[in-house]
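Here are my notes on the model you asked me to look over. I've kept them as numbered points so you can tick them off as you go.

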Amino acid sequence: MLNSPFADIISTLVTNGFNVEKVDRLPHENTIIHTYKYDKLGAKVNYSILFTGDKVENSLTDTLVAEAEKHKAKPPINLR
């Protein structure tokens, strides 16, 4: 059974018109959700979103970027 915060995240995405395509569980309770939504012109926009309680380190963001590339998605993070 899904824990409550994760269920709330999925419910919020679906309620706002996102389609959950895949969920990747990573070590240390990190999760990448691959989702998409159609914009007003009908174009499919892919997102890969990382949810973590850990300090975000380079290895974690590298994993997110690699997974996003596999799904032709943009990760919504600021990589400086």
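**Notes on the fold and its salt bridges**

1. Let me start with a side-chain pair: K44 and E21 make a salt bridge, with their closest N and O atoms 3.9 Å apart. The pair ties together distant parts of the chain, since K44 sits in strand β3 and E21 in strand β1, 23 residues apart. The term salt bridge here means a side-chain nitrogen of Lys or Arg within 4 Å of a carboxyl oxygen of Asp or Glu. K44 is partly exposed at 41% relative accessible area, and E21 is partly exposed too, at 43%. For these labels, buried is under 20% relative accessible area, exposed is over 50%, and partly exposed lies in between (1.4 Å probe, protein chains only).

2. Before going further, a word on the source. This is a predicted model, in which local features need pLDDT of at least 70 and side-chain atom pairs count only at pLDDT 80 or more, while totals for chains, interfaces and linings use all residues. Residues are numbered from 1 along each chain as its sequence is written, and side-chain values use heavy atoms, with hydrogens and water left out.

3. How many salt bridges does the structure hold? There are three. One of them joins the side chains of D24 and K22, at 3.4 Å from N to O. D24 is buried, with 12% relative accessible area, whereas K22 is partly exposed at 36%.

4. E67 and K70 form a salt bridge as well, and their closest N and O atoms are 3.1 Å apart. These residues are three apart in helix α2, which means about one helical turn separates them. E67 is buried at 14% relative accessible area, but K70 is exposed at 61%.

5. Now the sheet. It is an open one of three strands, in the order β1-β2-β3, with antiparallel pairing. The edge strands are β1 and β3 (44–51), each of which pairs on one side only. From one strand to the next, the twist averages 15°. Helices (H or I, at least four residues) and strands (E, at least two) are DSSP runs, numbered from the N terminus, and two strands count as paired if DSSP finds at least two bridges between them.

6. Strand β1 (residues 19–26) pairs with strand β2 (residues 30–38) through seven bridges, in the antiparallel sense. To find the register, look at K22, whose bridge partner in β2 is H34, or at V20, whose partner in β2 is T35. The two strands make a hairpin with three residues between them, and H28 in the turn has a positive phi of about 65°.

7. On the other side, β2 and β3 run antiparallel and are joined by eight bridges. T35 turns up again here, with Y47 as its bridge partner in β3, and K37 has V45 as its partner in that strand. The hairpin of β2 and β3 has five residues between the strands, and G42 takes a positive phi near 95° there.

8. What does helix α2 touch? Helix α2 (residues 58–70) packs on the sheet and touches β1, β2 and β3, where contact means heavy atoms within 4.5 Å. The direction of α2 makes about 160° with that of β3. Axes are lines fitted to C-alpha atoms, for helices over the stretch in contact, and angles run from 0 to 180 degrees between N-to-C directions. As for cover, β2 is mostly out of sight: seven of its nine residues are buried.

9. Have a look at the surface around V14, V20 and V23, which form a nonpolar patch with about 200 Å² of accessible area together. V23 lies in strand β1 and is partly exposed, at 34% relative accessible area. Patches take residues with over 30% relative accessible area and no salt bridge, joining like charges within 9 Å and nonpolar side chains (Val, Leu, Ile, Met, Phe, Trp, Tyr) within 5 Å. Accessible areas come from the Shrake-Rupley method with a 1.4 Å probe, and for residues only the protein chains shown count as cover.

10. Last, a backbone point to check by eye. Most residues other than glycine have a negative phi. K72 is not a glycine, yet its phi is positive, at about 50°. K72 is in the segment after α2, and at 73% relative accessibility it counts as exposed.
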